[in-house]
Amino acid sequence: LAASPAAGRFGTPAFKNTAALAFAWQHPEVLVRSGNTYKNDLPTGAYSLDAGLTWRAFVSKPPGTIGAYWRGEGPIAISPDAKTVVWSPTGVAAHFTNDWGATWFPCVGGSVNLAVAADTVNPRKFYAYDTEAGTIVVSTDGARSFRATVSGLPVEKGQWGPAPGKLAAVPGREGEFWVIAAGALLHSRNGGASLAPAANVT
């Protein structure tokens with residue numbers, strides 16, 4: 001881009017960074033983001049219902065998010081129907097909300113620092129690379145619970161921010177996603193039942 005947007009930067013709540021950004025695939029005007037603020041007691045998660053023109057802080061934050069530096073960091077995901085948000089702040093168990101943060105519920109299964117993503121087709125499916133345990137964990141009940149489907153991945157613990165693992169769902173293909181684990185690129189076409197290394201990638 002050769003020019004900044006005419007409207008300038010987005011307004012409040014203002015973060016000093018955006019650690020993660022996601023949108024609902026069936027409602028792309030709905031976005032969520034996480035990040036850090038200059039003061040640890042300020043909002044570190046927000047959502048937009050108008051394609052990012054305006055933002056609102058989540059009504060509350062997952063327990064344990066406030067008080068320690070970097071706790072606002074961490075992957076955030078939203079279901080394709082825009083009804084479920086999953087947030088995995090650094091050092092805090094992943095939580096989900098169905099009411100923009102008025103209430104948060106812990107995701108059963110998995111540990112902390114989940115590299116989480118939503119399926120782009122099925123609103124009940126979420127996938128995550130559990131970097132603390134070296135496993136892929138999958139939810140088929142709207143993030144209420146996750147179960148391990150693949151083990152033996154590298155264990156990568158986050159220190160100054162989220163763990164370095166990454167997971168991204170494939171647009172328009174239910175059950176398909178890619179994972180980056182310790183420099184390896186892995187692919188699943190069956191909802192995380194198995195992973196295969198990508199060919200000719202070093």
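In this predicted model, V179 of strand β14 stands opposite L186 in β15, a placement that belongs to the antiparallel pairing of β14 with strand β15 (residues 184-188), which runs over five bridges. The hairpin that β14 and β15 form has two residues between the strands, and within this hairpin A182 takes a positive phi near 55°. Strand β14 also pairs with strand β13 (residues 166-169), again in the antiparallel sense and over four bridges, and in this pairing K166 is placed opposite I180 of β14.

The two faces of strand β14 (residues 177-181) are unlike in their surroundings: F177, V179 and A181 make up the covered face, whereas W178 and I180 make up the uncovered one. Such a pattern can be read against a general rule, because in a regular strand the side chains alternate between the two faces of the sheet. V179, the residue set opposite L186, thus belongs to the covered face, while I180, the residue opposite K166, belongs to the uncovered face.

A separate open sheet comprises four strands in the order β5-β6-β7-β8, with antiparallel pairing. Its edge strands are β5 and β8 (105-106), each of which pairs on one side only. Inside that order, strand β6 (residues 85-87) and strand β7 (residues 95-97) pair over three bridges, and V85 has T97 of β7 as its bridge partner.

The largest pocket holds about 520 Å³ of space. Its lining consists of 23 residues, and those nearest the centre of the pocket are L21, I76, V116, A117 and L167. At least two lining residues come from each of the strands β1 (20-24), β5 (76-78), β9 (114-118) and β13, so that β5, an edge strand of the open sheet, and β13, a partner of β14, both contribute to this pocket. By class, the lining divides into 19 nonpolar residues, three polar residues and one charged residue.

Three residues outside the strands can be described through their contacts. E174 lies in the loop between β13 and β14 and is partly exposed, because its relative accessible area is 40%, a value between the limits of 20% and 50% that bound this class. Leaving aside residues up to four places away in sequence, E174 touches D119, V121, N122 and K125, and its side chain is joined to that of K125 by a polar contact of 2.9 Å. N122, one of these contacts of E174, is found in the loop between β9 and β10 (126-130). The side chain of N122 reaches the backbone nitrogen of R124 at 2.9 Å, and, with the same sequence neighbours left out, N122 touches P80 as well as E174.

T18, in the segment before β1, is likewise partly exposed, with a relative accessible area of 37%. Not counting residues up to four places away in sequence, T18 touches F10, R33 and S34.

The following table gives C-alpha separations for E174 and T18.

| Residue pair | Separation in sequence | C-alpha to C-alpha distance |
|---|---|---|
| E174 and G191 | 17 residues | 7.5 Å |
| T18 and E73 | 55 residues | 8.2 Å |

Notes. Residues numbered from 1 in each chain as written. Predicted model: local features only at pLDDT ≥ 70, side-chain atom pairs only at ≥ 80, totals over all residues. Heavy atoms only, no water. Buried < 20%, exposed > 50% of the residue type's maximum accessible area, 1.4 Å probe, protein only. Pairing = 2+ DSSP bridges. 1 Å grid on protein atoms, 1.4 Å probe; cavity = no way out; pocket = protein on both sides within 12 Å on 5 of 7 lines; lining within 4 Å. Points joined across faces, edges and corners; volume = space filled by probe spheres on them. Nonpolar A, V, L, I, M, F, W, Y, C, P; charged D, E, K, R; others polar. Contact = heavy atoms within 4.5 Å. Polar contact = N/O pair within 3.5 Å; in protein donor to acceptor, adjacent residues only side chain to side chain.
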